[in-house]
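User: I'd like to go through this model and see how each label follows from its cut-offs. Can you take me through it?

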Amino acid sequence: MKVTLTVNGSDRSGDVEPRVLLVDFLRTNLRLTGTHVGCDTSSCGACTVLIEGEPVKSCTVLAVQATGRSITTVEGLAQGANLSPIQIGFHEEHGLQCGFCTPGMMLVGTSLLERNPNPTEDEIRWAISGNICRCTGYMNIVKAIKHAAMLREAATATTREKAGAAPGGQ
Amino acid sequence: MATEVHMHGRIGESIKRKEDGRFIRGKGNYLDDIELPGMLHMAILRSPHAHARISSVDTAAASGMPGVIAVVTGELMAQHKLAWMPTLSYDTQAVLATDKVRFQGQEVAAVIAESKYQAEDARDAIMVDYDVLPAVISPQQAKEAGAALIRDDKENQKDNHIYHWEAGDQETTKAAFAKADKVVRLHTFYPRCHPAPLETCGCIADVNGATGKATIYMTSQAPHAIRTVFALVTGLPEQNIRVISPDIGGGFGNKVPVYPGYVVATAASLLIGRPVKWVEDRTENLISTGFARDFHMTGDLAVDKDGKMLALRVHLDSDNGAFFADAQPTKFKAGLFHIVTGSYDIPTAHVTADGYYTNKAPGGVAYRCSFRVTEASYLIERLVTNAAIELGMDQAEFRMKNFIQPEQFPYHSATGWVYDSGDYPKAMNVALEQLGYDELRKDVKARRKKGEVTGIGIASFTEVVGAGHGAEFDILGLRMFDSAELRVHPTGKAILRMGTKSQGQGHETTFAQIVTEELGIPAADVAVEEGDTDTAPYGLGTYASRSTPVAGAATAMVARKLRDKGRKIAAHLLEAAEEDLEWESGRFYVKGSPDKAKTIQEIAFAAYTNIPDGMEAGLEGVHYYDPPNMTYPFGTYAVVIDIDKGTGQVKVRRVVAVDDCGVRINPMIVEGQIHGGLAEGYGIAFMELITFDPEGNCIGSNFIDYLLPTAWETPRFELGETVTPSPHHPLGAKGVGESPTVGSPAAYVNAVMDALAPYGVTNIDMPVTSDKVWAALRAAGVNE
């Protein structure tokens, strides 16, 4: 079956069996290997991607079900050489060790901050509770997401300031 | 000429990790990310039965399915003398079963096909007829008269007993027990659990028919040792085997052993002439690869009326599964379990251990632990808390009274260890102060008066890590040294290669910092490479917290070798005598004239462009470090818990962890390691369990049944530290990755037992689940 979808802003398509999982399509057909597989039961969240901005475990979705959708994978977080706030947060706060859960964690964190720009620790822990990390004990992942929230807040403030200072601005 | 020196990244600096860049961009290179031209995929058919005789394997239907290139059976492997392989514990293990299956999940056949989906389809079409046999699922069953004989393949094996092993002194221990005022006994089962790294195990075998070179990409914590084992198993010449461990998604011991899948994939690639990839799924990982623990332990602690420990007697029955494939030093059948006297000055001890075959997965590995130290630490720390409660003494005070004192180091333990260094009272005091122990004790009393069930648990563990010395510690005869090779390029940048392999521990940063400290090259300028046996020097790998104690020491030593050569070059450049030069922060200067100096970068350039006559060009070297002794990290962990009387739910209120791992190279990375281990310890104490029904079906074969802690239930951790440098390590470092998993399970469970002590409960085996706590409270007459 033909699958046509948008991945990280680019139109992509492929011909797959109906049973092929979205995670396998991303990894095998599109060679986007940043999305990982850690279990077979939709328990670990290593395969998390964003579909229309919402975190989804891509092992629970058939590739054909994603037709027409817009998908963001870890490879789509940075804008060229510019890392996104969540990526900077994970680096600065040592939010990763082996790195295997990191793409899923960062995508969930990104989605959380879109909905809730200033989450509490409990809100962060609840948001990432569908994703398992075996290395960090979650302490620094929480800090990393808070760090990203702070960077986004600072960026918004700067944008607001610039807008205010611009001629004709309000 | 004054020269500016920049040494960013010295020891003690929490610099950000060098390896992060690729991982946060989704550009890590894990095993399953590797795609080779013409690569085939392998799926393994596994036994549904724990114990059964194979009467037939029919591959006809599977062979004809779309995309199938080959179906491999035990019979085919036997034709190539590869149906069995040696284990790391001098036993044999079936690669693909020929006669019987001996555990559920055992490898029976394999399909190699063009795609993974096709391989799995065809695997399901293989027909196997089994005659089911009774299953043996515990050491207790294994030793019963008339128990089914599991290893009837072994000529001299008449029962299910594998080994008997002893340490310490039986006679003096017996005499000490005879004089004891009190003997406290604890029988506890440390159940089977699984390291469950988020990335499962796998390999890609690529045997080049034209050159005979076998390149095997493998999720291995010990690629060099694996290469040697492969050479011995397959008969391939070792120079034609190249093992590459790419980025590894967590190991925790699970990726030390040699698994049948590796051997089958390699044989298949050899026969077919194309690369073959095998990546196990999560169920395969949990039911067939290196498990942990499964020790049934009984400890007796003899004390006098003043609360002084007199002697310790321990017996354990080990459940080793169907093949004795433990990954541990050769001499020690029960790993390093005989460190069981722990942090206490116990004059005499006697430890006995018996291992048994059962119809369960083989390959006892140390799940984030140095060869069974965590079982030992759990037993002694649980026993000590029980003894304190029974003596009516405070847990902390009883420990303080019996600690090995700082002036007793190096300390010769009753079971033969020589502890290198420690200050146990200090770590305890820091932990108690950080916790606010005295206030909390009053608070516990007050809460209990109100009917609350609450408690404080303490564990003061001692680890033993960093194997060797090589004369004492070996794996299949390979001495447990490790290595570092350092090459400084003409522009003053460097590459460091080691025999270890990071699985997330941050080696690319930590080991670069050692070069910074010793040679003055900024960490950013030092590339660190591990895991390719064609390029890295030989080493025994990363497990048992040995990378920093052994390969870290090798790195310091090789850097010092280069510094010695650098001194000669600097003397030549400065036209000064070598002995007139002083080394400081990345440069040599002439004594009394600090402006007359040459930086390591200038020296490196000169090593290739301007050397004295007769000197070998270049600035590179290698060092193989065989440690004179193990290192002995230690610490005190304290946990506060509350129990809901209605549901039995245990809620962890606080965790204070004070670690002493000697000198910390990158404190940020050290703390990250401790966080991770405390979370895994929490999982082990309260959630993680691999168990079996009477037929030997594995319960805990996926992440719905095998529960791992998420961010929601994982407690928040408060860390503290003391620093007692190792006297024999060149940097004073001790290793830390496993301390929190060794120390914390007992601290968590001791807190529960402290809470339940007023109800007369003396033990609940892990995992301490709500239903067990609820039942214990009900049995004690609590009905709410």
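User: Why is Asp20(B) called buried or exposed?

Analyst: Asp20(B) has 0% relative accessibility, so it counts as buried. Buried stands for under 20% relative accessible area, exposed for over 50%, and partly exposed for what falls in between, with a 1.4 Å probe and protein chains only. Keep in mind that this is a predicted model: local features need pLDDT of at least 70 and side-chain atom pairs pLDDT 80 or more, while totals for chains, interfaces and linings use all residues. Side-chain values use heavy atoms, without hydrogens and water, residues are numbered from 1 along each chain as its sequence is written, and chains are lettered from A and ligands numbered from 1 in the order in which they are written.

User: What does the side chain of Asp20(B) make a polar contact with?

Analyst: The side chain of Arg17(B), at 2.8 Å. A polar contact needs a pair of N or O atoms within 3.5 Å; within protein, one must be able to donate a hydrogen and the other to accept it, and residues adjacent in sequence count only if both atoms are side-chain atoms. Leaving out residues up to four places away in sequence, Asp20(B) also touches Phe90(A), His91(A) and Leu96(A), where contact means heavy atoms within 4.5 Å.

User: What makes something a cavity, and how many does the structure hold?

Analyst: On a 1 Å grid over the protein atoms alone, a cavity is a set of points where a 1.4 Å probe fits but cannot get out; its lining residues have an atom within 4 Å of a point. The structure holds ten of 30 Å³ or more, a volume being the space filled by probe spheres set on the points, which are joined across faces, edges and corners. The largest takes up about 570 Å³. Of its 41 lining residues, Gln505(B), Ser545(B), Gln673(B), Val736(B) and Gly737(B) are the closest to its centre.

User: How do you know where the largest cavity lies?

Analyst: Domain 2 (374–464 + 630–779) and domain 3 (482–625) of chain B both give residues to its lining, so the largest cavity lies between them. The domain bounds come from an automatic or database domain assignment.

User: What classes make up the linings of the largest and second largest cavities?

Analyst: The largest has 18 nonpolar, 18 polar and five charged residues. The second largest, at about 110 Å³, has nine nonpolar, four polar and no charged. Here Ala, Val, Leu, Ile, Met, Phe, Trp, Tyr, Cys and Pro are nonpolar, Asp, Glu, Lys and Arg charged, and the others, Gly among them, polar.

Notes
1 Å grid on protein atoms, 1.4 Å probe; cavity = no way out; pocket = protein on both sides within 12 Å on 5 of 7 lines; lining within 4 Å.
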